[in-house]
Amino acid sequence: EGAQTTVAVHDRGGNPPMRIMYLDGNHQANNSAPTAFVHHRIGALPVMLHQAPTTALVVGLGGGATPAAVARHNFDVVELSAAVVAGSNFFKDINFDLLSRPNVHLHVDDGRNFMLMGRKKYDVITADIILPRHAGAGGERRMTVSATGWSAPVAPAAVERLGPELSAARRLRRRLVEVMVYDSSFVTDDL
């Protein structure tokens, strides 16, 4: 139990068995092959869209599958809840034990505030998908930033943290033209 959320990790029997993370009773992550597949792609896509990324920021750790796909680069991951960080240790099979890697730098902080207060520039900024109806999502869809930008409450902070070679993203601050949106409304709590 943490100040921001209560984290529960449950091992569900069955064929195949599944480990599930709940935040305040809502499904957050699991280690099923289909879910890991999707989250690994969510992390990999913005990295593949950049010509030569060397730094990245992932907002939201969850079970760690999304940031695991970025782990070959030098990157920061920001997670609001220390309890979620502890819970991610139960998902090393899908997050490849990313928190023990020397190129991964964990910050327990609010993602938006981290970007507003920091000075570091990133080649890629991505956010783990959070269902809008779950606590902490603020009713907004989570989006990915690469060379294009975000259209979410964190957009101004994210655009300011992108590196100088992505100046096109800065111009899109007021008028985002190409925004890659991952709409998770098709996902159910039975995952």
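The points below describe a predicted model, going from the whole chain to one sheet and then to single residues within it.

1. The chain as a whole. The chain has 191 residues, and 50% of them count as buried. Its secondary structure consists of seven helices and nine strands. The accessible surface of the chain comes to about 9,500 Å², and carbon and sulfur atoms hold 54% of that surface.

2. Contacts along the sequence. When the contacts in the chain with a separation of 6 or more are taken together, 64% of them are between residues 24 or more positions apart.

3. The four-stranded sheet. Four strands form an open sheet with parallel pairing, and their order across the sheet is E6-E5-E4-E7. Its edges are strand E6, covering 104-108, and strand E7, covering 124-127, each of which pairs on one side only. From one strand to the next, the twist averages 20°.

4. Strand E5 and its pairing with E6. Strand E5 takes in residues 74-79 and runs parallel to E6, with five bridges joining the two. Two of the facing positions can be found readily in the structure: Asp-76 lies opposite His-105 in E6, while Glu-79 lies opposite Val-108 in E6.

5. Strand E5 and its surroundings. Burial is a feature of this strand, since five of the six residues of E5 are buried, and E5 is therefore largely enclosed by the rest of the structure. In the order of the sheet, E5 stands between E6 and E4.

6. The pairing of E4 with E5. Strand E4 spans residues 55-59, and five bridges join E4 to E5, the two strands running parallel. Within this pairing, Thr-55 is the residue that stands opposite Asn-74 in E5.

7. Thr-55 in its setting. A reader may ask whether Thr-55, a residue of strand E4, is buried or exposed. Its relative accessibility is 16%, and because the cut-off for a buried residue is under 20%, Thr-55 counts as buried. Apart from neighbours within four places in sequence, Thr-55 is in contact with Asn-74, Lys-121, Tyr-122, Asp-123 and Val-124. Among these partners, Asn-74 is also the residue that Thr-55 faces in E5, and Val-124 falls in the range 124-127 of the edge strand E7.

Key:
Residues numbered from 1 in each chain as written. Predicted model: local features only at pLDDT ≥ 70, side-chain atom pairs only at ≥ 80, totals over all residues. Heavy atoms only, no water. Pairing = 2+ DSSP bridges. Axes fitted to C-alpha atoms, helices over the stretch in contact; angles between N-to-C directions. Buried < 20%, exposed > 50% of the residue type's maximum accessible area, 1.4 Å probe, protein only. Contact = heavy atoms within 4.5 Å. Areas by Shrake-Rupley, 256 points an atom, 1.4 Å probe, with all protein chains shown as cover.
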